[in-house]
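Have a look at the model below and turn it around a few times. Then read on for a short tour of some spots worth finding.

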Amino acid sequence: MIVGLSTSPFGRLLPGLALSIAVAGAALLLARVEAVAVGHSWLEPLVLAILLGTVLRTAWALPASFAPGIDCAARTVLEVAVMLIGATISFGTLMAAGPALLVGIVATVVCAIGLSFLIGRAFGLPSKMATLVACGNAICGNSAIAAVAPVIEADSRDVATAIAFTAVLGVGVVLLLPLLAAVLHLSPAAGGALAGLTVYAVPQVLAAAGPMGGVAVQVGTLVKLTRVLMLGPVLLLLSLVAPRAATAGAAAGGRASFDRRRLALILPWFIVGFLLLAVLRSIGLLPAAAVGAADHVAGLLTVVAMAALGLGVDLRSVAAAGPRVTAVVTLSLCLLAAIALGILWATGLAWNG
């Protein structure tokens, strides 16, 4: 019976999936302990999961039997999570933000992605790694990296490295942003807008904008949520220009036919699902309970996927790429802040309040 299970498709996945779930559970537990001990979580479960997985992988040479399940968790589970995120996004938020703010956010994200990618390439990072860092900095840090990774078929080591460095610098931004706002004599609305345009995660926006007052928190949250909506168009664009699309075209041998297999390579199923759920949410066909459930499940699945990514990374190999990635992430983050300040100054979006 046990032999039959081990040779079945699910049986081959079970060891790696179970280990990924166990590491994710430990990360969620540590995040709760952290929140109780210091009042909030500086390190999110996503980060803790990938750190725990990486430490375990570095300290223990995993048996080959774990590989199929870990790969499934790092790819398929993550793709399902990305699809479910679509249910939490309403395009109505984008319309309610107002045209000036919308243009400013779009310009910030587009410029930050493009320039950050060029910085990464200038420092010798591979295209996929540079894309991960650029999207992580420009949109929403860990979540954007996790969402972009399956679209461009990024290596798990690159994903883990990008998330690790982005997470560390993200905490630094939360600590330094209120000080920067004070030095620049920004109004609460301006400080909140700057937080929304630069800080990675929504909870971190609340932490960064909190010292600047309630107005800063409200503006920062609105700007951040609108910025997160950019993830959908970016994922769609990347799915159209990803290297695997070019590979699929070359493999087709110049055939003019546009078959379903090639379409699936260019526009992955989970991106279609993401956009479909976002449309359903936007037109009010998804009840609040379904949206909440999708958000919760997507969060849990993403933590499991991050644990699996960590389990595929040896710290000794990551360390070799460390200095370049650190420089690229730092410069990209500074560039993002400069672009955000420039956009806010040019449009006068926040200084009016």
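## A short tour of the model

Start with His185, which is exposed, because its relative accessibility is 70% and the cut-off for that word is over 50%. Keep in mind that everything here comes from a predicted model. You'll find His185 in the loop between α9 and α10, the helix that spans 188-198. Its phi is near 60°, which is a positive value in a residue other than glycine. What sign does phi have in most residues other than glycine? It is negative in most of them.

Glu153 is another case: its phi is positive too, at about 55°, and it is not a glycine. Glu153 sits in the loop between α8 (142-152) and α9 (156-183). Is Glu153 exposed or only partly exposed? With 36% relative accessibility, it counts as partly exposed.

Now follow α9 to a greasy spot. Leu175, Leu176, Leu179, Leu180, Val183 and Leu184 make up a nonpolar patch on the surface, and together they have about 560 Å² of accessible area. One of them, Leu176, belongs to helix α9. Leu176 counts as exposed because its relative accessible area is 54%.

Next stop: a pocket. The second largest pocket has a volume of about 330 Å³. It is lined by 22 residues, and the closest to its centre are Ile70, Asp71, Ala74, Ser156 and Leu309. Which elements give two or more residues to this lining? They are α4 (67-85), α8, α9 and α17 (288-311). Of these, α4 gives the most, with six residues. Sorted by class, the lining has 15 nonpolar, two polar and five charged residues.

Asp71, one of the residues closest to the pocket's centre, also takes part in a salt bridge. Its partner is Arg75, and the closest N and O atoms are 3.2 Å apart. That counts as a salt bridge because the cut-off is 4 Å. Why are the two separated by about one helical turn? Because they are four residues apart in helix α4. The count for the model comes to one salt bridge.

Here are the accessibility values for some of the residues you have met:

| Residue | Relative accessibility | Class |
|---|---|---|
| Glu153 | 36% | partly exposed |
| His185 | 70% | exposed |
| Leu176 | 54% | exposed |
| Asp71 | 41% | partly exposed |
| Arg75 | 39% | partly exposed |

Technical notes:
Residues numbered from 1 in each chain as written. Predicted model: local features only at pLDDT ≥ 70, side-chain atom pairs only at ≥ 80, totals over all residues. Heavy atoms only, no water. Buried < 20%, exposed > 50% of the residue type's maximum accessible area, 1.4 Å probe, protein only. 1 Å grid on protein atoms, 1.4 Å probe; cavity = no way out; pocket = protein on both sides within 12 Å on 5 of 7 lines; lining within 4 Å. Points joined across faces, edges and corners; volume = space filled by probe spheres on them. Nonpolar A, V, L, I, M, F, W, Y, C, P; charged D, E, K, R; others polar. Patch = residues over 30% accessible without salt bridge, like charges linked within 9 Å, V, L, I, M, F, W, Y side chains within 5 Å. Areas by Shrake-Rupley, 256 points an atom, 1.4 Å probe, with all protein chains shown as cover. Salt bridge = Lys/Arg side-chain N within 4 Å of Asp/Glu carboxyl O.
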